[in-house]
Amino acid sequence: MTLKVHHLRPAPGAHTKKTRVGRGEGSKGKTAGRGTKGSGARTQVSARFEGGQTPLHMRLPKLSGFKAPNKVVFQVVNLDRIASLFPEGGSINPDTLADAGAVRRGQPVKVLGTGELGGVQVFVHAHAFSKSAEEKIAAAGGNTTQI
């Protein structure tokens, strides 16, 4: 005879019989694991029921407003920071700014017009510019290119 999977049985004593509660007092019956008295012993009570006190979802404040799903958060760099990081001027883009430690890599960059360039000619490539930044860069002899 060939041994097959359906012939396999656990070793004697490896499995104890399941106790069937609630089948009379002679067989572990009586309260059947429900404790004594109360609504929990008599009916199914949902887990969220709090015994009549105001439920948690009603006690907590509701969130106001909404989050715009397409909001763009720019890394900002001011002109005085650009002047201090690149005193000789030249071509500046988000990668060179990230290498210099001014912004995080892989996020859009906006150049703001706080501070002065001090006559340094810069050619800035960025995702956005403020009007004052564009004017000051153009006045210093540089140009701005929006990516």
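Valine 5 sits in the segment that precedes α1 (39–42) in this predicted model. With a relative accessible area of 71%, valine 5 counts as exposed, because that value lies over the 50% cut-off. Valine 5 does not stand alone at the surface: together with Leu3 and Leu8 it makes up a nonpolar patch, and the three residues share about 360 Å² of accessible area. In soluble globular proteins, nonpolar side chains tend instead to be buried together.

A helpful counterpart to this patch is the interior. The largest nonpolar core comprises 20 residues, and Leu79, Ile82, Leu97, Val111, Leu117, Val122 and Val124 have the most contacts inside it. At least two residues of this core come from each of α3 (79–85), α4 (94–100), β3 (109–112), β4 (122–126) and α5 (131–139). Val122 gives a good view of the surroundings: beyond its neighbours within four places in sequence, it is in contact with Ile82, Leu117, Ile92 and Ile137, as well as with Gly89, Gly90, Gly142 and Asn143.

Strand β3 rewards a closer look. Its side chains alternate, with Val109 and Val111 buried on one face, while Lys110 and Leu112 point to the other face and are not buried. This fits a general pattern, since in a regular strand the side chains alternate between the two faces of the sheet.

β3 also has strand partners. It runs parallel to β1 (residues 75–78), to which four bridges join it, and here valine 109 stands opposite glutamine 75. With β5 (residues 128–129), β3 pairs in the parallel sense over two bridges; alanine 128 of β5 is the bridge partner of lysine 110.

Methods
Residues numbered from 1 in each chain as written. Predicted model: local features only at pLDDT ≥ 70, side-chain atom pairs only at ≥ 80, totals over all residues. Heavy atoms only, no water. Core = buried A, V, L, I, M, F, W, Y, C linked by side-chain atoms within 4.5 Å. Buried < 20%, exposed > 50% of the residue type's maximum accessible area, 1.4 Å probe, protein only. Contact = heavy atoms within 4.5 Å. Pairing = 2+ DSSP bridges. Patch = residues over 30% accessible without salt bridge, like charges linked within 9 Å, V, L, I, M, F, W, Y side chains within 5 Å. Areas by Shrake-Rupley, 256 points an atom, 1.4 Å probe, with all protein chains shown as cover. Salt bridge = Lys/Arg side-chain N within 4 Å of Asp/Glu carboxyl O.
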